[in-house]
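Welcome, and please open the structure in your viewer. We will go through it one selection at a time.

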Amino acid sequence: MTSYKVLDVNDDLPIRTKGTVHSGKVRSVYWLTDEDSARLISEKGYQVPKGTELAIMVISDRISAFDCIWQGENGLNGVPGKGVALNTVASHWFKLFDQAGLAGNHIVDIPHPYVWIVRKASTVKVEAIARQYITGSMWRDYSKGVRNFCGLELPEGLTANQKLNEVLITPSTKGIITGVADIPAVDDVNITRDNILNNLAVFNFKSVEDVTKYEQLLVEGFTLISEELAKLDQIFVDTKFEFGYVEDIDGTDKLIYIDEVGTPDSSRIWDGVAFRDGKIVENSKEGFRQLLINNVPDSDVLLNKDRMPEREQLAKDYILPESVMLSVSETYVGIASKIVGYDVTIPTDPRAEVVAILDQQYGLISKL
């Protein structure tokens, strides 16, 4: 596996774009020129309105945790196959959402396992989080006496990793919200349903009905994934969805799923056999987070947001053993293969493959 090349830098591909490349922790977005968007919509027959802006979204193999990017030894600055595992799983769930008659999503084409062509959406500024078990940060707060989560009251007497009576919706902010008295101006802060309803425009919702709609789509999507994973004896613990608006073919605005859904990066997935035996076996990034907590010199640096400068320095200096990166790779590729029902293969040179396909089949590579 060490012979594989990881795609750790994904914001410098020679794709013809307008404006700058937007690079997140894992994905980079290349907005196509208006000419290329129009050409592809025509050539490929994409079912979107004329004039729709398209982008190439390239996933990387980088791994982030605690808001930092982590590196491995021997220049292994990513997890082999992580990108293809995430994209394959999210695409699988989106397809099942479509078949079940849930909302659509932002993907219009998948040229390569590391690449989506997406349409521009007006993003809702809410991280839509659903939880079916009390664990992680929620359990840490509950064990300290907190009972109110995002405006919801939890009963006394819950135990760690216990299944909840219903799927809880515990939203947080996506990006920094300013000008709202009871919402701190920091990213990823817990909010209540009332916070959203009282500030629809701030969160980019078009109506009160759409707040109900996102909650419905969140729970329906969560339930579908949970039932499918249960068939594989895997437990869907909690997850994060994102939503946005796009213009439909008939000119109306519609709320859709964006980003990714149900992946090992955005969700906790537990092994059912181990859980019934009283153990937690993580088939998601949570295992990597726990590994960091147990191995860094001072775990409080990872958990205490007031120590962010120290955390960022730690992530720059801390080199993980190659064996750790390969173990994380086995987790990601293994759960992805189980979910989609076939062996997910790791491209030997994803960067070269992506450039070749976008050049030969889509005509999007700039010639220097």
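How far apart are the axes of helices α2 and α5, and at what angle do they cross? Keep in mind as you look that this is a predicted model.

**First stop: α2 and α5**

Select residues 82-99 for α2 and residues 208-231 for α5. Their axes come within 11 Å and cross at roughly 115 degrees. Angles of 65 to 115 degrees count as roughly perpendicular, so that is the description for α2 and α5. The crossing here is right-handed.

Now show the side chains where the two helices meet. On the α2 side, pick Trp93, Leu96 and Phe97; on the α5 side, pick Gly221, Leu224, Ile225, Glu228 and Leu229. Colour this contact by class and you will find six nonpolar residues, one polar and one charged.

**Second stop: α2 and α10**

Keep α2 on screen and add α10, residues 322-340. The axes of this pair lie 9 Å apart, and the packing angle is about 25 degrees. Angles under 35 degrees count as roughly parallel, which is why α2 and α10 are described that way. Here α2 passes α10 in a left-handed crossing.

For the contact itself, select Lys82, Ala85, Leu86, Thr88, Val89, His92 and Trp93 in α2, then Tyr332, Val333, Ala336, Ile339 and Val340 in α10. This set holds nine nonpolar residues, two polar and one charged.

**Last stop: a pocket**

Which residues lie nearest the centre of the second largest pocket? Select Asn87, Thr88, Ser91, Val340 and Tyr342 to see them. Two of these names may look familiar: Thr88 and Val340 also take part in the contact between α2 and α10.

The space in this pocket is about 240 Å³, and 15 residues line it. Helix α2 gives the largest share of that lining, with six residues. By class, the lining has eight nonpolar, five polar and two charged residues.

Definitions and conventions
Residues numbered from 1 in each chain as written. Predicted model: local features only at pLDDT ≥ 70, side-chain atom pairs only at ≥ 80, totals over all residues. Heavy atoms only, no water. 1 Å grid on protein atoms, 1.4 Å probe; cavity = no way out; pocket = protein on both sides within 12 Å on 5 of 7 lines; lining within 4 Å. Points joined across faces, edges and corners; volume = space filled by probe spheres on them. Helix = DSSP H or I, 4+ residues; strand = E, 2+ residues; numbered from the N terminus. Nonpolar A, V, L, I, M, F, W, Y, C, P; charged D, E, K, R; others polar. Axes fitted to C-alpha atoms, helices over the stretch in contact; angles between N-to-C directions. Parallel < 35°, antiparallel > 145°, perpendicular 65-115°, else oblique. Left-handed = near helix turned anticlockwise from the far one by under 90°. Contact = heavy atoms within 4.5 Å.
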